[in-house]
Amino acid sequence: MKKLLSMLLCGAMLFSLAACGGGDEGTASGGGAAEGEASTTASDTLTVVVPMDPGTLEPGRINEQAFYGVVHQIYEPLFILDADGVLQNWLCESYEYQDDTHLVIHLREGVQFSNGTPLTANDVLWSFQRIVENSLPPISQIIDLDIDACEVVDDNTLILATNGPAGTLLNRLAYPGLGIASKAAYDEFGGDWMNGAAIGTGPYKVVEYVAGDRMDMTANENYWREGEPATPNLVLRFVGDQTARSTEAKAKGADIIINVNPREEESIAAVEGVKVIKAAATNTVYLMMNTAVEPLNDPAVREAVTYAINIPQTIELAYGDLGFPASGMVAPGVLGYDENMFQEHFGHGYDPETAKQMLADAGYPDGIDLEVLVETGDSTRHDICEAFQAQMAPAGINLTITELDSVVLYDRTNAGDQHQLVLSGLTCSDYEADAFLNQILPGSSNIKMTNFDDPTFIDMITKSGQILDKDEREQAWKDTLKYLAESNCMIPLWHKELISAQMDYVEGFEMSPAFEEHFYQWTTVNK
């Protein structure tokens, strides 16, 4: 158990503020409590069951939605995306382009960290430099920054320089992994994120973190948005198992329960005083193949795997009516989505005999052994792997399933040569295909999942991102995704839909579809 003093939990809000160039703070929309509004029956504590113990409060350390659902409460980004994917100014009050490769950011005046020190442009640039220097997962969102050419003009102004035109940079700056931390606090506490260094600008600050159990927070008295948070205390309880979270919902063990088991939707909704809430997401789950290791370095073997699994049947069994069986390489609503792409490239269906023959032709007449990694506690993804295991057997593929904690899974895949298959989801958090594609570029942390460093593919991503015209960029994304589909190194399985439960007395909570960095600062508990 570690006491964490002077830490700020940032709820980067879903809605509000004028977008491009605006400096008007505005008011929250989308169900949040109106400023100054209070209820005499409101509880002073909101308790939320979340899927993941972050294990660290270092910003950007792990590329997981559940991770950002916790630590994003500490660090706020320059921008946010509302539920419709519209960019809203946040810590950035206004901005303008000097030219196609220089973006001037003007910070809000008067914003303080939770310890009372002012937010400065130096903190912003340092936060980005730290990500680049340490190759942390959010590097994929700022991969086109020329970090050495970026400069601080004054305490409230900095210039972000890019290596070329970056048509989607503003939206990517809303990524929760790009939350701003205090450089002074980092220096003072020697970079110890669990003991003092984790200082941000959001509505809550951490009172206590108990590993494997919970995080207790209280309202930040220095928060820059007057009247927030609506509920002064926030408790995040860590429950990694999906079925256990569903049990919590049915037992009314918390006010909000994030990511319940979709197969238990009806039984949860049947409990008096409990309701199930859903929201479309920008995440797609993939079966990812490591092209750098045998036998998956052979394109013919990868293609054989696509014949050895029954994707529609498996997804229906695993998710039922939740979400959507994959129809494109990215989710519907994402720029670059093509509703026909899955059918064109993976629509041949389940054919284990063809798969077996393809393996024999590739030099594996006796079949192959494969291992798939999946995150511990995700019972639905484990069920998918078990279905694939049974389906692959007639094709001569012996599939081993290995469950790992998220940090261990990340470290193993990041080694590059210690895995074959991974069942994982990637998110288009900026509502464009680049937020997904940049994650599998060289230099990004997730490239190691596939090691697909094909020069043509890399060039297509780079050039597509430099197109400023949206319609032209959309077609470029489609062409790039088609090239990726033809490689058979990433098989899209399911377009995600979020599912959580909340008690009837909870008001003002809405799930965030962008990167599932759910926000609690407008939520009230009226028991």
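A residue is termed buried under 20% relative accessible area, exposed over 50%, and partly exposed in between. All views show a predicted model.

**View 1. The salt bridge between Arg263 and Asp383.** Asp383 is partly exposed because its relative accessibility is 25%. Its partner Arg263, at 46%, also counts as partly exposed. The two side chains meet at 2.1 Å, taken from N to O. Arg263 belongs to the loop between strand 12 and helix 7 (265-269), whereas Asp383 is in helix 12, so the bridge ties together parts 120 residues apart in sequence.

**View 2. The salt bridge between Lys527 and Asp255.** The N to O distance in this pair is 3.9 Å. Lys527 lies in the segment after strand 20 (524-525), and Asp255 in the loop between helix 6 (242-250) and strand 12 (256-257); 272 residues separate the two. Lys527 is exposed, with 61% relative accessible area, whereas Asp255 is buried at 3%.

**View 3. The salt bridge between Glu516 and Lys496.** The side chains are joined at 3.0 Å, N to O. Glu516 comes from the loop between strand 19 (506-507) and strand 20, and Lys496 from strand 18 (residues 490-503), 20 residues apart. Both Glu516 and Lys496 are buried. Elsewhere, Glu208, Asp213, Arg214 and Asp216 form one network through salt bridges that share partners. The whole structure contains 19 salt bridges.

**View 4. Glu64, a buried residue without a salt bridge.** Glu64 is placed in the loop between strand 2 (45-50) and helix 1 (65-71). The nearest side chain of opposite charge is that of Arg381, 5.7 Å away. Beyond its neighbours within four places in sequence, Glu64 is in contact with Met52, Glu375, Ser406 and Phe515.

**View 5. The crossing of helix 9 (residues 311-319) and helix 12.** The two axes come within 9 Å and cross at roughly 145°, and the crossing is right-handed. Helix 9 contributes Gln313, Thr314, Ile315, Ala318 and Tyr319 to the contact, while helix 12 contributes Thr380, Arg381, Ile384, Ala387, Phe388 and Gln391.

**View 6. Met392 in helix 12 (residues 379-392).** Met392 is buried, at 1% relative accessibility. Its C-alpha atom is 7.8 Å from that of Val305, although their positions lie 87 residues apart along the chain. Not counting residues up to four places away in sequence, Met392 touches Val305, Ala308, Ile309, Ile397 and Leu399.

**View 7. The largest nonpolar core and Phe436.** This core has 156 residues, and Phe128, Phe436 and Leu493 make the most contacts inside it. Strand 13 (residues 274-289) supplies its largest share, nine residues. Apart from neighbours within four places in sequence, the contacts of Phe436 include Tyr286, Met329, Leu426 and Met490.

Note on methods: Residues are numbered from 1 along each chain as its sequence is written. This is a predicted model: local features need pLDDT of at least 70, side-chain atom pairs count only at pLDDT 80 or more; totals for chains, interfaces and linings use all residues. Side-chain values use heavy atoms; hydrogens and water are left out. A nonpolar core is a set of buried Ala, Val, Leu, Ile, Met, Phe, Trp, Tyr and Cys residues joined through side-chain atoms within 4.5 Å. Buried means under 20% relative accessible area, exposed over 50%, partly exposed in between (1.4 Å probe, protein chains only). Helices (H or I, at least four residues) and strands (E, at least two) are DSSP runs, numbered from the N terminus. Contact means heavy atoms within 4.5 Å. Lys and Arg count as positive and Asp and Glu as negative; His and the chain ends are not counted. A salt bridge is a side-chain nitrogen of Lys or Arg within 4 Å of a carboxyl oxygen of Asp or Glu. Axes are lines fitted to C-alpha atoms, for helices over the stretch in contact, and angles run from 0 to 180 degrees between N-to-C directions. A crossing is left-handed if the near helix is turned anticlockwise from the far one by less than a right angle, and right-handed if clockwise.
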